[in-house]
Amino acid sequence: MKNVGEQQYTGEILLDDRTVSEFLLQNPDFFIRNARQVEQMIVPHPIRGTVSLVEWQLARQRNHIHQLEEDITLLMEQASANQQLFDRLFALQGRLASATSLHDMLNRLHRWAREFGLAGANIRLFGEKWRIGAPSDFTQLALPRQAFESVRIQRLGKQNHYLGSLNGPELLLLLPQAKAIGSVAMSLLGEEGDLGVLIFSSRDNQHYQAGMGTVLLQHLSLMLPQLLSRWIERA
């Protein structure tokens, strides 16, 4: 025969989070049937100590709505930025495509960069990929791939883009005519990154920094080789 303590123990219903959750899922009308009790329920609050269950739920809904509003705002800002990027690229492509010579095209690219407060834009091409050796008029664009390899390893690694500063020897190799360059945005040209280098330069040391977006560079690095092929024969 069981004693009183055993009878009390076996008569208890042990509840845990899972049991309560399963019950509520199986009884979705629980809160409707017990609306008055629900209104009187108190739950802990990290700031106010305790709040009613209704207040707690309303606060959760307000936070959720606020998060949705922030997400929508971010999406709208991204859409606006993408539209601006598309407009800038479309305008630049039109300018470069209407150039009357390679020299004119490079000047248009340089002027476009200057419109955004940059020191300039330069293109250097790997000689083994383009016919730019003597007696070509484009020898000034040539960049020995072997000489560039140390820069690629040091600055780009396995990436196609680099944003930041360059040291004296690196600037002398890539931009021998430039002066007082503080930072650069550098991108390898072509889908394989083996055709040359596009370089935007700024006199501001902080203008280009690691972690900045490279979408514009990516589009330009794919677009420019096609335009260059109008004036320079591929090797």
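This talk describes the overall make-up of one protein, then its sheet, three loop residues and its largest pocket.

Good morning, colleagues. Please keep in mind throughout that the structure in front of you is a predicted model.

Let me begin with the whole protein. It is built from nine helices and seven strands. There are 235 residues in the protein, and 32% of them count as buried. The accessible surface amounts to about 15,900 Å², and carbon and sulfur atoms account for 54% of that area. If we take the contacts between residues at least 6 apart in sequence, 55% of them join residues at least 24 apart.

I turn now to the sheet. Strands of a sheet pair through backbone hydrogen bonds, either parallel or antiparallel. In this protein, an open sheet of five strands follows the order S4-S3-S7-S6-S5, and its pairing is mixed. At the edges stand S4, residues 142-143, and S5, residues 161-164, each of which pairs on one side only.

Let us walk across the sheet from the S4 edge. S4 pairs with S3 in the parallel sense, over two bridges. Here Leu125 has Ala142 of S4 as its bridge partner. S3 is then joined to S7, residues 196-202, by six bridges, and these two strands run antiparallel. Leu125 appears again at this step, standing opposite Gly196 in S7. A further pair between these strands is Asn122 with Ile199 of S7.

From S7 we pass to S6, and six bridges join these two antiparallel strands. One example is Val184, whose bridge partner in S7 is Ser201. The last step takes us from S6, residues 183-188, to S5, an antiparallel pairing over four bridges. There, His161 is matched with Ser187 in S6.

How covered are these strands? In S3, six of the seven residues are buried, so this strand is largely enclosed by the rest of the structure. S7 is also mostly covered, with seven of its seven residues buried. From S7, Gly196, Leu198, Phe200 and Ser202 point one way, while Val197, Ile199 and Ser201 point the other way, and all of these are buried. The edge strand S5 can be described in similar terms: His161 and Leu163 point to one side, Tyr162 and Gly164 to the other, and all are buried.

Next, I would like to consider three residues in the loops. The loop between S3 and S4 contains Lys129. Is Lys129 buried or partly exposed? Its relative accessibility is 28%, so Lys129 counts as partly exposed, since that class begins where the buried class, under 20%, ends. Leaving aside residues up to four places away in sequence, Lys129 touches Asp194, Leu195, Arg234 and Ala235. Computed along the chain, so to speak, Lys129 and Arg145 are 16 residues apart, and their C-alpha atoms are 9.8 Å apart in space.

The second residue is Asn167, in the loop between S5 and H8. With a relative accessible area of 35%, Asn167 is likewise partly exposed. Asn167 and Ile181 are 14 residues apart in sequence, with a C-alpha to C-alpha distance of 9.8 Å.

The third is Ala180, which belongs to the loop between helix H8, residues 168-174, and S6. Ala180 has a positive phi of about 50°, although it is not a glycine. Its relative accessible area is 61%, and Ala180 is therefore exposed, the cut-off for that class being over 50%.

Finally, we come to the largest pocket, which has a volume of about 600 Å³. It is lined by 25 residues, and those closest to its centre are His110, Ala121, Asn122, Leu175 and Gln177. Asn122 will be familiar as the bridge partner of Ile199 in S7.

Which element gives the most to this lining? It is H6, with six residues. Helix H6 spans residues 102-114, and both H6 and strand S3, residues 120-126, supply at least two residues each. By class, the lining comprises 12 nonpolar, eight polar and five charged residues.

To close, I would return to S3. This strand lies between S4 and S7 in the order of the sheet, six of its seven residues are buried, and it supplies at least two residues to the lining of the largest pocket. Thank you for your attention.

Definitions and conventions
Residues are numbered from 1 along each chain as its sequence is written. This is a predicted model: local features need pLDDT of at least 70, side-chain atom pairs count only at pLDDT 80 or more; totals for chains, interfaces and linings use all residues. Side-chain values use heavy atoms; hydrogens and water are left out. Buried means under 20% relative accessible area, exposed over 50%, partly exposed in between (1.4 Å probe, protein chains only). Contact means heavy atoms within 4.5 Å. Accessible areas come from the Shrake-Rupley method with a 1.4 Å probe; for residues, only the protein chains shown count as cover. On a 1 Å grid over the protein atoms alone, a cavity is a set of points where a 1.4 Å probe fits but cannot get out, and a pocket is an open set with protein on both sides within 12 Å along at least five of seven lines; lining residues have an atom within 4 Å of a point. Grid points are joined across faces, edges and corners, and a volume is the space filled by probe spheres set on the points. Ala, Val, Leu, Ile, Met, Phe, Trp, Tyr, Cys and Pro count as nonpolar, Asp, Glu, Lys and Arg as charged, and the others, Gly among them, as polar. Two strands pair if DSSP finds at least two bridges between them.
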